[in-house]
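Student: I am new to this structure and would like a close look at one part of the backbone, with the unusual spots explained in their surroundings. Could you take me through that slowly?

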Amino acid sequence: MDDRYKPQEIEARWQRVWRERDAYRTPDTSDRPKFYCLDFFPYPSGDGLSVGHCRNYVPTDVVSRFQRMRGFNVLHPMGWDAFGLPAENYAIKMGVSPRVTTERNIANYHRQMDLIGLSFDWSREITSCYPDYYRWTQWFFLLMYERGLAYRGTGQQWWCPVDKTILANEQVEQGRCWRCGSEVTKVDLEQWYFRITDYAQRLLDDLATIDWPEKIKLMQTNWIGRSEGAEVEFALPGRSDTLTVFTTRPDTLYGATYMVLAPEHPLVGELTSAERRAAVAAYQDEARRESEIERLSTEKDKTGVFTGAYAVNPVNGEQIPIWISDYVLMGYGTGAIMAVPAHDERDFAFATRFGLPITEVIAPPTGAQGTLSEAYTGDGVMVNSGQFDGLAAPGAAFAAIVARLAERGEARPKVNFKLRDWLLSRQRYWGVPIPIVYCDACGIVPVPAEQLPVLLPELEDYEPTDDARSPLARDPDFVATTCPRCGGPARRETDTMDTFVCSSWYQFRYPSPHDDIAAFDRDAVGYWLPVDLYVGGAEHAVMHLLYSRFFCKVLNDAGYVGFSEPYATLRNQGMILAEDGTKMSKSKGNVVTPDSVVERYGADSLRLYELFIAPFEQSVAWNDRGVQGCLRFLTRFWGFALGVPELERAGTPGAGGAGPVSRGDGADGAGVNDTADGDAVEADALDGDAVEADARRLRRTLHKIVRKVTGDLETFRFNTAVAALMETLNDVLEVWTGRCEQLETAQWREIVETFILLLAPMTPHIAEELWQRLGHDSSVLDAPWPAWDEALAADEVVTVVIQVNGKLRDRLEVPVGAASDDVVALARAAHNTVRFLEGKQIVKEVYVPGKLVNFVVR
RNA sequence: GCCGGAGUGGCGGAACUGGCAGACGCGCCGGACUCAAAAUCCGGUCCCGUUCACGCGGGGUGGGGGUUCAAUUCCCCCCUCCGGCACCA
């Protein structure tokens, strides 16, 4: 047998063997505890996987293998979020069906995942663009519809002029389309929504029950945007209706000196006086034309116009002018505000610009200002507020004012959320058809579940249009149907669903991926879910991760599942940047693929480096030379591992068993090297002779590394696990190459086999190969994870640091548990310490057992 | 602007509860092997000073202050970078 380490050769061989043995098949039932380990649902892009994607897949694979060795029944599946715009855009450009390119991309992803040795159970593969999957996506839509959670609504919506589709709120970032980056505009359209706002409070509350990164929880909390306040009615002179505003500071009501409506507010037309009509209409027009980027800019000066109308402040009966301005948003609260310039920065800027009165009603702790140079938004005491003067604000004042106005029905406590309903219809082809039919007689009719799927037809022409209609609208065979209710002629809905709908429920599909009577098997889902470990990038914090939680809660309410959070533990991997520290991108030509790395260094070295490169959650620049370092480590381990059976065959008697072996200069030299300073002589005395010391030391090292790697894998500290393995191998090889005959062969075997087991989750191919070469018939995949003995891992001797006035002066080796008086006495006499104590008075002695002695001297 | 996170050698990083700063890896320097190169192996590698040398001393974790016998770690102020939100009343 060739004894050189040839990673590509053994990796290809074992991958074939594992495939033939179906080694990654997860049984549906098992006596073992379950562990569901899931990666974010990937979109199979034409660019294939980069080493950046591996930063996600390698750690989850390591955890899956680790948990399997620890006795869990592990579900580690993979599938494809296969609908979406890139394939469709490519189809428009090249005339190739998105189905064809998507399948090609999937095949490539699958190949690359196999190449790096991922242990997916491919029998559970799911593909969201296949009818056997999207049939159930449509079923979920019907479930939402039945429960009153899917509705059609009109309103101003985000429109991406490049992708030619409507976008949900979460999918617009700083006024730009999350996918293509072009500026979005607003259009009025009737669209389909999911009523996620009904779940706002629960989506917020349940964050406390899940083990997710605080950063993600915070982002969701901010996105949901709960704020407590009150609704207050302002009377309109000469009219029977009132103007309702939402405010979080009812305690500032006496300072409300004007009101502002959003330009789109429905009452603007009616309220505007004849002489202001032209100016108001011009402003509304301007606001409508303005791009979202311009409108959202907080830099620009406030703009607005007076409507000529007035409202009555309910606390003091004063008439205050009503303005319109684009700084008030129609989509939040009531689209109208009471403006309190003295205590709100935006109102202050507006009032200053237009010369509106500013009345101070909250005095800061330093006393009332009289004239304000900026808005005071802090806590204080009410002033200029009639009977309420002197109340603490907002604290007591908030409740007092609301209670007083509530008596007359002019105010009520109110909680508002920033979260909006999820707009899910898309005017594009490559998505799930919405299972709805429009009948002239019956109106909106859902397609009955037994008639699903509504199949997505193949088209000749995928080009989207500017009129906000899906390309499906051009296919008469698709559009024309009969009404499921009355049997009369009807038209199909031609919009498709946001692909985030597909990915909101896929985690329920893997336990029963081929179920053709339900979206999922309840027992299987009851066994496997919630997902125990979910891993993906932080960029989906308020999109997929929010939608998916919402779906789970709806299923819970509908009685399909007994839990309301789908992902118990979430972790976000850091990004891998190119070697120059910039983002990897095809256009810059700096993408590193797993293919190129595997070709040069092998999959195990790639995997090891992905783990070693940095803490899991941290972004970091790629460095090919780092992979080289991992290959060196594996090569050195390979040589050692093969040397052990060789030693066994040579029949060299072990030193321990055959009694102390006199080794002359070599052993002495090593001993001196090992315990260079004089203090260490004591340690040797404890352990008996030097031969025995090596055996004991390596046994301790071995138990320590098992403890270390186990703990690190449990807590996602892969980088330090790898570093510790490298360090331990260095220690082991020092004895192995210098004086291997000092240990019994049985101990060498124990060391090498334990090492193989520790490496198995991270570098499965080399582990399996060496496991076989060491004489095992069964696969290392099913070997039990090694245990450690706390007593054997415990140190016998510790290094105690000696400080004088906090400065390091010397070190001392003492037995664990040595009496503190003895240690301090030894420390005081240590040869370097003495120089610093001479002629000084010791005012304090600090002894931290097993750690350090500090003499404070004067 | 607001809310988070992070600043440690030439580079990636380690130091888990306040207790030896720089583990491990890369790179670099020197050496061995080689006709040569690659690979591999051995030694060195935070900065300054001092010593023939083993050593020894001083400084040092973005900057400034503080608490403590002791601070990369805790507190206050400031600077820089990254991420999120962005007129949400």
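Tutor: A strand here is a DSSP run of E with at least two residues, a helix is a run of H or I with at least four, and both are numbered from the N terminus. The model is a predicted one, and with those terms in hand we can turn to the loop between β17 (380–382) and β18, where Asn-384 is found. Although Asn-384 is a residue other than glycine, its phi is positive, near 50 degrees. Its relative accessibility is 48%, and because partly exposed covers what lies between under 20% for buried and over 50% for exposed, Asn-384 counts as partly exposed.

Following the chain onward, β18 spans 392–393, and the loop between that strand and α12 (395–407) holds Pro-394. The peptide bond that leads from Ala-393 into Pro-394 is cis, its omega being near 0 degrees.

Each of these two features has a counterpart elsewhere in the chain. A positive phi, about 55 degrees, is also found at Lys-164, which is not a glycine either, and this lysine sits in the loop between β5 (150–160) and β6 (165–167). Lys-164 has a relative accessibility of 18% and therefore counts as buried. A cis peptide bond, again with omega near 0 degrees, joins Leu-452 to Pro-453, and Pro-453 belongs to the loop between β23 (443–446) and α13 (476–479).

How values were computed. Residues numbered from 1 in each chain as written. Chains lettered and ligands numbered in written order. Predicted model: local features only at pLDDT ≥ 70, side-chain atom pairs only at ≥ 80, totals over all residues. Heavy atoms only, no water. Buried < 20%, exposed > 50% of the residue type's maximum accessible area, 1.4 Å probe, protein only.
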